[in-house]
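Please open the model in a viewer and keep the sequence panel visible. The tour below proposes a series of selections and states what may be found at each one.

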Amino acid sequence: MICCRCSLNSFSAIAFFFVLGVYVVSAFSEIAAAEPLQFDIADDYVEITTGFTGTTLSMIGYRKGHGDIILTLEGPPRSTVVRQKSQVFGAWVNRETLQFDNIPSYYDFALSVDDEKKLMSDALLKEYHVGLNALRMVPKEERVDEDTLRGFQSALLRYKQQHQLYSQKAGVIEFLGDNFFRVDFHLPAHVPAGNYTVRALLVGKGKVVYEDTQSLRVGLTGFSSDIYEFSRNHAFLYGVFCVLIACFAGWLSNVIVRRS
Amino acid sequence: MQIYLPIAEMAVSAETVFMLSAFVGLLSGIFGVGGGFLTTPFLIFFGIPPAVSVATQASQLVASSMAGAMGHFRRGNVDIKMGLVMVSGGAVGSVVGIFIFKLLRYLGQIDFAISFLYIILLGGIGTLMIIESFVSVLKKKEGVRKAFNDSKVSPWVLSLPYKMRFPRSKLFVSALVPAGIGFVGGVLASVLGIGGGFLIVPAMIYILGMPPLLVAGTSLFQVIFTTAAATIMHALMNHTVDIVLGLILILGGVVGAQFGVILARFFKGQTARVTLAIIILSVCLKLVVDLFVMPVDLFSAEYIR
């Protein structure tokens, strides 16, 4: 198991590269020759427990030749409503609303160069969902004028970035030697649960030479998951359960207070 | 310690939420108020979604009113028949409240509605408390007590149909009156996550004409049921009751209230009332400022679940 959360001071750096080397060699010794791009996620199941405070998702990979690499991480699609406030009798109240369906609940990406525009045309970037400008954000409502739409789209992007659900800028793909690479994605405590897609692209001369996708599951586990599932699948019973717990707690506190 | 709230889908600092609810518990211990009207705005200031704040606060009130009502019950200060008639109205009120809540949420106006209603409520109560304090300082306590005893039930209340006997309160009034008061309490519990004692208690004294001795216990007794109904309805219709958050609030409330009861000895009635009024008005002022000062970002976004 690779621990990527530790800071790379001298000792752990040596240990890290040693472990990484063993891991990479064992993982790719047979197939490295066959595929031009290979990558693996250190942990393909992220568990959200009661004490979950976010985690670092590490990926390592191998490329053949000298193409550039793009990695994208996309969360499950969710619908989001964006509202704009305006003044009514001096108070700021929500007035305009646009609904965006099926936008990635989470998005992060990493590049082997500093800017994705150096790699591909805008059309290709859009096709492969590379970069924040390439994300598809189409409102459910039709006939929205350009300026309004742009305002709402940038507000949605801003909201996602402020809540650490979309990255501010591209992450850096680190090369360990010529062909082995490594990327760290940092997931916040409130990372949305669901199925994630990780896509690796090998780019050469403005085109995608090779593409590989893997899935990753982010799920509530243990207590958090039980509570969430209970509240969704048996909503009424969950409500009754909450009330009973509260009644018991109230009764208990009264008894304790009276004794002491 | 960061703790993940499974329903709010966010991590919060458990100590901070605990301190916050302990502070409200402290106030409720000192001043003998429910405190729900302070917890909900605090949770919202803290970044918990308003829908989750309101629904979860309702579950906390089940616990605190349960603890409070038990004491009154033991001393025989609960008119159970009156309480149950109020509950029948309260149950309907909490269902109506849930639909109002759902509609406001659908319209994207729930945050505004909660802020607005809190400003009216807190502003009204705070101002009344200040005025009352000044008046009672001028008139001395005798005057106030006299006004209490002299209060008469208005004639239109007596003319309502479906009269019922309430032996414990020595009243013969229309069942519609307590049921109506309960109804208002139920709506408030669902929409604002409060027990509504500050409205229900005066209504029971002045409109219903109940003996003041029975009012606190009976009101707490019915609050258990209306907040329980609100909790179940929120869980069923909105999936917004976070039991993990609820338990921290309950724990904080219990601990805070105990210290409050101890501290209450050091507070004189008048000072206590003015202090509480100032706290209430400060929360109100903060809500007003948030509503009228131009927000940093005019846009906001929200998942649809």
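The tour begins with chain A, continues to the contact between the chains, and ends in chain B.

**Stop 1: chain A as a whole**

The model is a predicted one. Select chain A and display it as a cartoon; five helices and 12 strands are present. Of its 260 residues, buried ones make up 31%. Consider next the contacts in chain A with a separation of 6 or more: residues 24 or more positions apart account for 67% of them.

**Stop 2: an open sheet in chain A**

Select strands β1, β3, β10 and β9 of chain A. These four strands form an open sheet in the order β1-β3-β10-β9, and the pairing is antiparallel. Which strands lie at the edges? The edge strands are β1 (37-41) and β9 (174-176) of chain A, each of which pairs on one side only. From one strand to the next, the twist averages 25°.

Now restrict the selection to β1(A) and β3(A), the latter covering residues 55-63. Five bridges connect this antiparallel pair. One position to label is Asp40(A), whose bridge partner in β3(A) is Ile60(A).

**Stop 3: an enclosed strand**

Select residues 107-111 of chain A, which form strand β7. Is this strand buried or exposed? A residue counts as buried if 20 or more other C-beta atoms lie within 10 Å of its own. Five of the five residues of β7(A) are buried, and the strand is therefore largely enclosed by the rest of the structure. Display the side chains: Tyr107(A), Phe109(A) and Leu111(A) point one way, whereas Asp108(A) and Ala110(A) point the other way.

Add the strands that pair with β7(A). Strand β4 of chain A (residues 68-74) pairs with β7(A) in the antiparallel sense over five bridges. In this pairing, Glu74(A) stands opposite Tyr107(A). Strand β8 of chain A (residues 171-172) runs parallel to β7(A), and two bridges join them. Here Leu111(A) stands opposite Val172(A) of β8(A).

**Stop 4: a positive phi in chain A**

Select Asn102(A), which is in strand β6 of chain A. Asn102(A) is not a glycine, yet its phi is positive, at about 55°. How many C-beta neighbours does Asn102(A) have inside 10 Å? There are 14, so Asn102(A) counts as partly exposed.

**Stop 5: the contact between the chains**

Show both chains in separate colours. In the contact between them, 46 residues of chain A meet 44 residues of chain B. On the side of chain A that touches chain B, the elements giving two or more residues are β5 (77-88), β6 (91-104), α3 (146-162), α4 (222-233) and α5 (235-259). The largest share, 16 residues, comes from α5(A). By class, this side of chain A has 26 nonpolar, 15 polar and five charged residues.

Strands also pair across the two chains: β5(A) and strand β5 of chain B (residues 299-303) run antiparallel and are joined by five bridges. Label Arg83(A) and its bridge partner in β5(B), Ser300(B).

**Stop 6: two helices, one from each chain**

Select α5(A) together with helix α10 of chain B, residues 243-264. Two packed helices are described by the angle between their axes and the distance between the axes. For α5(A) and α10(B), the axes come within 11 Å and cross at roughly 20°. Angles under 35 degrees count as roughly parallel, and α5(A) and α10(B) are therefore roughly parallel to each other. Their crossing is right-handed.

Display the side chains where the helices meet. From α5(A), the residues include Cys242(A), Ala246(A) and Val257(A), and from α10(B) they include Ile243(B), Ile250(B) and Gln258(B). By class, this contact has eight nonpolar, three polar and no charged residues.

**Stop 7: a hairpin in chain B**

Finally, select strands β3 (residues 163-166) and β4 (residues 171-174) of chain B, which run antiparallel and are joined by four bridges. Phe166(B) has Leu171(B) in β4(B) as its bridge partner. Four residues lie between the strands of this hairpin, and Lys170(B) takes a positive phi near 55°.

Extend the selection to Tyr162(B), in the loop between α6 (155-158) and β3 of chain B. Tyr162(B) is not a glycine, but has a positive phi of about 55°. With 11 C-beta neighbours inside 10 Å, Tyr162(B) counts as exposed.

Technical notes
Residues are numbered from 1 along each chain as its sequence is written. Chains are lettered from A and ligands numbered from 1 in the order in which they are written. This is a predicted model: local features need pLDDT of at least 70, side-chain atom pairs count only at pLDDT 80 or more; totals for chains, interfaces and linings use all residues. Two strands pair if DSSP finds at least two bridges between them. Two residues are in contact if their C-beta atoms, placed from the backbone, lie within 7 Å. Ala, Val, Leu, Ile, Met, Phe, Trp, Tyr, Cys and Pro count as nonpolar, Asp, Glu, Lys and Arg as charged, and the others, Gly among them, as polar. A residue is buried if 20 or more other C-beta atoms lie within 10 Å of its own, exposed if 12 or fewer, and partly exposed in between; C-beta atoms are placed from the backbone. Axes are lines fitted to C-alpha atoms, for helices over the stretch in contact, and angles run from 0 to 180 degrees between N-to-C directions. Angles under 35 degrees count as roughly parallel, over 145 as roughly antiparallel, 65 to 115 as roughly perpendicular and the rest as oblique. A crossing is left-handed if the near helix is turned anticlockwise from the far one by less than a right angle, and right-handed if clockwise.
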